[in-house]
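Reader: Hey, I've got a structure open and no clue where to begin. Can you walk me through it?
Author: Sure, let's pick one residue and work outwards.

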Amino acid sequence: MLEVTDLNARYGRAQILNGVSLSLGENEVVALLGRNGAGKSTTIKSIMGLVQQTEGHVTYDGQEILGKPSHVICRTGLGYVPEDRRVFGDLTVEENLEVGRRAPRPDAPEWTLDHLYELFPNLRERRRNLGKQLSGGEQQMLSIARTLMGNPKLVLLDEPSEGIAPVIVEQMAQVIAELKREGLSVLLSEQNLHFARAVSDRAYIIEKGAMRYEGSFADLDAKPEVSNAYLAV
Amino acid sequence: MGFYFAQLLTGLANASSLFLIASGLSIIFGVTRIVNFAHGSFYMVGAYLTYTLVTMWSGSVLGFWGGVILAAAAVGLLGLVIELTILRRIYKAPELFQLVATFGVVLIVQDVTLAIWGAEDLLGPRAPGLDRAVRIMGEPIPEYDLALIAIGPAVLLAIWLLFHRTRWGVLVRAATQDREMVGALGVNQAWLFSAAFVLGAFLAGLGGALQIPREAVSLQMDLSIIGEAFVVVVIGGMGSVSGAFVAAVLISVLNAFAILVFPQISIVLPFVVMAVVLIVRPYGLFGKPGSEHGAPEEPDQPLTLMSQRSAMVLATAVALLALSPAVAADFTMILLVDVMVATLFAVSLHFMMGIGGMVSFGHAAYFGVGAYGAAMAVKFFDFGMLPAMVFGPVCAATAAIFFGWFCVRLSGVYLAMLTLAAAQILWGVTFQWQDFTGGDDGILGVWPAKWASSDQVYFYVAFVLCIGGIWFLRRAAHSPFGYTLRGIRDSQTRAEAIGINTNLHQWMGFALAGGFAGLAGVVFAFSKGSVFPDSLGIAQSIDGLIMVLLGGIHALAGPIFGAVAFVMIEDWVTRLDYWRFIFGAIILIVVLLAPDGIAGGVRRLLRAVKGGAA
């Protein structure tokens, strides 16, 4: 349902992505692995229309979305959870969720406040608190919940395990499993191979703005030289 | 006691209309990041429209308040038109470029208002039912003032409810923090911007409408209120409506009492308060440092040394300029001196903004201090022309060192506002201190020395000083000091991390830019033979901004293009009727056609021509 072909992206004169291609099927969870600065976030941001200078093709359900403004891309059914969470610090938890709220779409599950509070019990307790008063893990949950309020069909999840406590990482894995159960597709960018393996169906590895590997985790485990070359720190 | 209480009530009544205009300005800035100079025009149009409506429906209570609301709504509509036709096209332009567009709107609105309502001040009727005074503690208080005191908090409450109880309000608050993220969550920012602009314009129009019973409607209302409105927004914190309320009350009440002690203070008091607040709280009382995600900025391209060909073109232009006295008439000489003065002024401002990354809304301060320094040296110390020409820039640099010390501690729009405060304080002092500066009458008789008194010789004096100054600033931009400044501009934290004292370097850059603006001021003073407070005024600062931004801030040649075009166009249009309208329209056309400035536009044109040829 999501098809990225020969994607180039640049910031000013610096070329960040060099012919990236990837695809994502219906109800699939796919991990985009790579080191810091490899181009994971730029790939996701380019898909979401947040990078000014891009070339190539990104199609969603057969429609070209590259070059469209991000609010249009969001309305076609893509949800974006940014790497640095970008919670609205001066808005309460509930107001943050309100910003994300969009009308339900026929082809995707509908999320209600109650359903989200079940998935993220902490948020219910803190619904009157300001975004900036939450812990890092709570902000990460809020950021995901806020995106789900838009009833997306496909979620772009940028490094959800970054900088949060191990207990919460585990909770995050359960959330991704729940999204899959609900019928969503997830493109997950990750540095944490262990976490990615636990939640994803297959993987891509990106390095220096180009795809280096595509396949299952079993194949990846059989080729330690690949993960050594592109993932080991 | 009663007298002081009455004074307090007057202050509070003044605070209400100041709050209305400032809150609109703050909302517009918070959501769109546009510094809207046209906000004073909205205020003025609101007042004029109300005058017409209320006079038409005179006498009835419903007619008065209906007129007020209708006029404010019409101003909101005007805001929508401006947003849709002009601003929406240039949101992607470099930061502050929109400011130039809003100034074009100011000029156009001034002349349209003049054409419709005429040049004379208009005195509106009093509000029916509120046209008397009540006695409070023995003092007469106008009933209308009491109504205003109630209206301010009522509007604050209404805005608060709008922002906290409606989805639209929540989106506006979210966009104030992180516009890009709001877009990624599916919200069409364009409509959010339009709506914020309409609300802001409506509030400004309401502020103007409510002034009808209190003061005469005049064509000076726009620029006289805008400075104070900026101050209120900055003190309160850009984007904070409750901050604007507190700041409006603070300024107005302080003013009501300060004029009892020192009547002349009212011109500078708001700016002094703002300077003090910004030094203590750099983001205003209720403000926060801007979000990193406000506007994704293109990284600045490195400046490249000129190609041999463009160096030759430039050398030819300078050589032609040097030879021009042989062929040109005397009035052309005078115009060319004006061009060179403006160019040096613009280049010095560009050095501060484009190279140093410090936006100044008050660069005229140093131009004016240079001019006054030289003029006073001639008048009081009997200096000759040459020593005075040294003394002026030294004064300007000293002033820049003094104010720069405060300014470089801030960044972005707050820094810009503090430079505006510095300029307004200096302007206020110059304007008020009759015995020393001549006040409004200025200082006359600042003529060049006998040997330089012919237009031709003075042309060469100006040529040497201005072209020399421009050359020096260009060299400085390409020197290690220039690299350091550009490094700080692009990333203050990274520059600090490699051991650069960023404040010190910016301070030196500020002083250097101020000194050369002063040199431009000196050349100007001797060419006109006099100086007036205008040379430090807000209009002179804006002229400089237009030259730099219109020329193109990302190129060293930008301010040169900008200044030459500006002076030439100004010289031509000011001879026409309704020249403000024409000038404003020209500004808007350039803004819409070349969002990267004249230099960027020329570069694109050359590329297109070359591409077509190849």
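Author: This is a predicted model. Let's start with Ser360(B), which has a relative accessibility of 1% and therefore counts as buried, the cut-off being under 20%.

Reader: OK, where does Ser360(B) sit in chain B?
Author: Ser360(B) is in a loop of chain B, between helix H13 (330–355) and helix H14 (364–381).

Reader: And which residues is Ser360(B) in contact with, leaving aside its neighbours within four places in sequence?
Author: Those are Leu349(B), Met352(B), Met353(B), Thr419(B) and Leu545(B). Within the excluded stretch, a polar atom of the Ser360(B) side chain lies 3.2 Å from the backbone nitrogen of His363(B).

Reader: Switching topic. How many residues does the largest nonpolar core have?
Author: That core has 237 residues. Val35(B), Phe361(B), Tyr366(B) and Phe526(B) have the most contacts inside it. Helix H13(B) gives the most to this core, with 17 residues.

Reader: Where does this core lie relative to the domains of chain B?
Author: It lies between domain 1 (2–280) and domain 2 (328–613) of chain B, because both give residues to it.

Reader: Why would residues like that gather in one place?
Author: As a general tendency, nonpolar side chains in soluble globular proteins are buried together.

Reader: You mentioned Val35(B). What does Val35(B) touch?
Author: Not counting residues up to four places away in sequence, Val35(B) touches Phe29(B), Leu96(B), Leu99(B), Thr102(B), Phe230(B), Phe361(B), Val413(B) and Met417(B). There is also a second, separate core of 33 residues, which includes Val29(A), Leu97(A), Val155(A) and Val186(A).

Reader: Back to the two domains of chain B. How many residues from each take part in their contact?
Author: Domain 1 of chain B puts in 35 residues and domain 2 of chain B puts in 37 residues. Together they bury about 3,400 Å², with 86% of that on carbon and sulfur atoms. Their centres, taken over C-alpha atoms, are 31 Å apart.

Reader: How many salt bridges are there between domain 1 and domain 2 of chain B?
Author: The count there is one salt bridge. You'd also find four residue pairs in polar contact between these domains (both residues at pLDDT 80 or more).

Reader: Which helices supply domain 1's side of that contact?
Author: Helix H4 (97–117), helix H9 (221–236) and helix H11 (269–280) of chain B each supply at least two residues. H4(B) gives the most to that side, with 13 residues.

Reader: Cool. Now what about chain A against chain B, how many residues are in contact?
Author: 27 residues of chain A are in contact with 25 residues of chain B. The area buried between these chains is about 2,400 Å², and carbon and sulfur atoms give 52% of it. Arg86(A), Phe88(A) and Val99(A) supply 25% of the area that chain A buries against chain B, more than any other three residues.

Reader: How many salt bridges cross the interface of chain A and chain B?
Author: Four. In one salt bridge, Arg86(A) pairs with Glu180(B), their closest N and O atoms being 2.6 Å apart. Arg86(A) and Glu180(B) are also linked with Asp178(B) in a network of salt bridges.

Reader: And how many salt bridges does the structure hold over all chains?
Author: 23 over all chains. One of them joins Glu26(A) and Lys153(A), with the closest N and O atoms 2.4 Å apart. That pair links distant parts of the chain, 127 residues apart.

Reader: Are Glu26(A) and Lys153(A) buried or exposed?
Author: Glu26(A) is exposed, with a relative accessible area of 54%, whereas Lys153(A) is buried, at 7%.

Reader: Which salt bridge ties together parts 190 residues apart in sequence?
Author: Try Lys528(B) and Asp338(B), whose closest N and O atoms are 3.1 Å apart. Lys528(B) lies in helix H21 (residues 502–528) and Asp338(B) in helix H13 of chain B, so the pair ties together parts 190 residues apart in sequence. Lys528(B) counts as partly exposed at 32% relative accessibility, and Asp338(B) counts as partly exposed at 23%.

Key:
Residues numbered from 1 in each chain as written. Chains lettered and ligands numbered in written order. Predicted model: local features only at pLDDT ≥ 70, side-chain atom pairs only at ≥ 80, totals over all residues. Heavy atoms only, no water. Helix = DSSP H or I, 4+ residues; strand = E, 2+ residues; numbered from the N terminus. Buried < 20%, exposed > 50% of the residue type's maximum accessible area, 1.4 Å probe, protein only. Polar contact = N/O pair within 3.5 Å; in protein donor to acceptor, adjacent residues only side chain to side chain. Contact = heavy atoms within 4.5 Å. Core = buried A, V, L, I, M, F, W, Y, C linked by side-chain atoms within 4.5 Å. Domains from an automatic or database assignment. Buried area = accessible area lost by both parts, 1.4 Å probe. Salt bridge = Lys/Arg side-chain N within 4 Å of Asp/Glu carboxyl O.
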